[in-house]
Amino acid sequence: MTADLETSSDDRPTRWRAFRAGLERRPTLYLGYRIMVAVVGVAVLAVGVLAIPYPGPGWAIVFAGLGILATEFAWARKALGWLRDRYRQLMDWYSRQGRAVQVAGAVGTAALVVATLWILGTFGLVGSWIGVEWEWLRSPLQR
């Protein structure tokens with residue numbers, strides 16, 4: 001279940017393939033490597049999922065996390081391909097929609113960001129920095 005990340009036109013061994021072959025000859029080291037890839041990939045994927053609603057590279061981080069996992073796990077390669085296709089379809093659909101749908105999508109995203117920041121207590125924290133202690137700024141989780 002290993003992925004060949006580098007391919008050459010004449011099928012010569014690449015450094016990456018040589019590195020991977022060396023790992024595979026040592027089962028304990030290879031298991032440790034796979035565990036490390038899994039931990040790093042899941043961590044990057046989790047950060048990406050948390051960042052999706054916010055402006056910035058949320059989806060890119062999700063794809064990076066799945067890409068890391070896909071270097072070692074077939075299920076992640078399949079999930080990455082499926083997710084990439086669905087994302088492209090969604091973005092194609094969204095770009096074909098009228099201005100009203102696009103504005104509604106932007107307003108919905110902004111509302112999700114504001115709600116998440118409020119629930120996580122960001123507004124109360126920033127308010128306390130500047131001396132504003134309004135009760136409605138506090139997160140419902142802190143009450």
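These are my notebook entries on a pocket, one glutamine and a helix pair in a predicted model.

**Entry 1, the pocket.** I looked up the largest pocket and noted a volume of about 330 Å³. For its lining I wrote down I52, P53, W59, L90, M91, W93, Y94, G105, A106 and T109. I then asked which helices each supply at least two residues of this lining, and found α4, spanning 74-96, and α5, spanning 99-119. The largest share of the lining comes from α4, with 4 residues. Sorting the lining by class, I recorded 8 nonpolar and 2 polar residues, with no charged residue.

**Entry 2, Q102.** I turned next to Q102, which lies in helix α5, one of the helices that I had just listed for the pocket lining. Is Q102 buried or exposed? Its relative accessible area is 18%, and because buried means under 20%, I entered Q102 as buried. Leaving aside residues up to four places away in sequence, I found that Q102 touches Y94, S95 and Q97; of these, Y94 also appears in my list for the lining of the largest pocket.

**Entry 3, α1 against α2.** I looked up how helix α1, residues 15-24, is placed relative to helix α2, residues 27-51, and noted that their axes come within 6 Å and cross at roughly 120 degrees. On the α1 side the contact holds W16, F19, R20, L23 and E24, which meet P27, L29, Y30 and Y33 in α2. By class, I recorded 7 nonpolar and 2 charged residues in this contact, and no polar ones.

How values were computed:
Residues numbered from 1 in each chain as written. Predicted model: local features only at pLDDT ≥ 70, side-chain atom pairs only at ≥ 80, totals over all residues. Heavy atoms only, no water. 1 Å grid on protein atoms, 1.4 Å probe; cavity = no way out; pocket = protein on both sides within 12 Å on 5 of 7 lines; lining within 4 Å. Points joined across faces, edges and corners; volume = space filled by probe spheres on them. Nonpolar A, V, L, I, M, F, W, Y, C, P; charged D, E, K, R; others polar. Buried < 20%, exposed > 50% of the residue type's maximum accessible area, 1.4 Å probe, protein only. Contact = heavy atoms within 4.5 Å. Axes fitted to C-alpha atoms, helices over the stretch in contact; angles between N-to-C directions.
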